[in-house]
Amino acid sequence: MDKDYVGFATLPTQVHRKSVKKGFDFTLMVAGESGLGKSTLINSLFLTDLYKDRVLPDAQERISQTMEIVKHAIDIEEKGVKVKLTVIDTPGFGDAVDNTECWKPIAHYIDCQFEQYFRDESGLDRKNIQDGRVHCCLYVLSPFGHGLRPLDIAFLQAIHDKVNIVPVIGKADSLTPTEVQHKKEKIRSELEENGIRIYEFPECDSDEDEEFKAQDAEMKHSIPFAVIGSSQVVRELTDKVFRGRQYPWGTVEVENSAHCDFLKLRNMLIQTHMQDLKDVTHEVHYENYRAQCIQSLTRTGVRDRSSRAKLSRQSATEMPLLPLVETEKLIREKDEELRRMQEMLQKMQAQMLQSQGEQSDSL
């Protein structure tokens, strides 16, 4: 063995083994109006059947249907790696005659998951925290019409600072390649005009190979992804079997990059950027929510002290926001206080166990 070898090089292996043993979790929200192939797309992405028990409402039932939020959870294992996949579906979204503020339940659900994680993180038992935060929102756009609808713009503006948005054009086989490119350019320009921030791909590291850099650049250029979903296996020749759709004028291959962007979307979601989606959720969206919560608690405490001292009061909206340095200081103090409380509880439990042992010995 090399005399200069200490063993630090095994750290990645240790982390990998521990991560595989623990497993991974990923929460994906799918939103968009009915009839754009959202369910088929999800089944195609993860090679599963999440909607086998679904009952499609008839025309009469659709009239009174209201939007609801449905959660589907499934455990997927591939080559020893386990992933707990949670898909949040939004049936009924955008199907009403009056869709005014129909996105509020979705935004409220995302905030509720942040709030629950914040409560769990601030509690005493932080070892087994269940992460229900939404890591990515696939927003399926209609292939028909010109660009974004007013409902699309209002919805995306309401949630773009809460979750990673990945726009997708559904049923892309209804468009020609020229129409797909024109629609993509139109959607990208309208997103920029309305100040809507979607998920931004991170810059490639300098040590990445050229093939990965080219693949990453191609994915960035393909947003919004024009996709086709299908679980149907097509046999054209004896040696050619693929998933796709058959039409009188030809066959569409789901996993053919010349036909649609399905492969790019799947590679981005699963193979290359799943962990980055989780990191951005935790480090950007959740931290923004957490800072707002701490600032609101701080404003409440300052207002209460002012009232006890009989000073002039200020409303919450008039109270200036704390600087970022003070906010981080408050977060560190809160974490330190929680650590001290945990140590105190552990000492009390040890003393109780010791006293119980002494009593049993005396008997």
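A salt bridge is taken here as a side-chain nitrogen of Lys or Arg lying within 4 Å of a carboxyl oxygen of Asp or Glu. The legends below describe a predicted model.

**Figure 1. Overview of the predicted protein model, with its ten helices and nine strands.** The protein has 363 residues, of which buried residues make up 37%. Among the contacts with a separation of 6 or more, 69% are accounted for by residues 24 or more positions apart. The accessible surface comes to about 23,000 Å², and carbon and sulfur atoms hold 51% of that surface. A search of the whole structure finds 16 salt bridges, and some of these are taken up in the views that follow.

**Figure 2. Close-up of the salt bridge between R290 and E121.** The side chains of R290 and E121 meet with a separation of 3.3 Å, N to O, and this pair links distant parts of the chain, since R290 belongs to helix α9 and E121 to helix α4, 169 residues apart. The two side chains are also recorded as making a polar contact at 3.3 Å. Helix α9 covers residues 274–308. R290 counts as buried because its relative accessible area is 8%, and E121 likewise counts as buried because its relative accessible area is 14%; in both cases the value falls under the 20% limit that defines a buried residue. When residues up to four places away in sequence are not counted, R290 touches F118, E121, I331 and D335. Side chains of opposite charge can pair when their charged atoms come close.

**Figure 3. Close-up of the salt bridge between D152 and R149.** The side chains of these two residues meet at 3.2 Å, N to O. What is the accessibility of each partner, buried or partly exposed? D152 is buried, because its relative accessible area is 3%, whereas R149 counts as partly exposed, because its relative accessibility is 28%. The limits behind these two terms are under 20% for buried and over 50% for exposed, with partly exposed in between.

**Figure 4. Close-up of the salt bridge between D261 and K184, and of the network that includes both residues.** The closest N and O atoms of D261 and K184 are 2.5 Å apart. This pair, too, links distant parts of the chain: D261 is placed in the loop between β9 (250–253) and α8 (262–272), while K184 is placed in helix α6 (residues 177–193), 77 residues apart. D261 is buried, because its relative accessible area is 7%, and K184 is buried as well, because its relative accessible area is 4%. Salt bridges that share partners join K184, E218, D261 and K264 into one network, in which the pair shown here takes part.

**Figure 5. Close-up of a nonpolar surface patch that includes L124.** The patch has an area of about 450 Å² and is made by L124, M341, M344, L345 and M348. Where along the chain is L124 placed? L124 is in the loop between α4 (104–122) and β4 (136–141). L124 counts as partly exposed because its relative accessibility is 40%, a value over the 30% relative accessible area that residues of a patch must have.

Conventions: Residues numbered from 1 in each chain as written. Predicted model: local features only at pLDDT ≥ 70, side-chain atom pairs only at ≥ 80, totals over all residues. Heavy atoms only, no water. Patch = residues over 30% accessible without salt bridge, like charges linked within 9 Å, V, L, I, M, F, W, Y side chains within 5 Å. Areas by Shrake-Rupley, 256 points an atom, 1.4 Å probe, with all protein chains shown as cover. Helix = DSSP H or I, 4+ residues; strand = E, 2+ residues; numbered from the N terminus. Buried < 20%, exposed > 50% of the residue type's maximum accessible area, 1.4 Å probe, protein only. Polar contact = N/O pair within 3.5 Å; in protein donor to acceptor, adjacent residues only side chain to side chain. Contact = heavy atoms within 4.5 Å.
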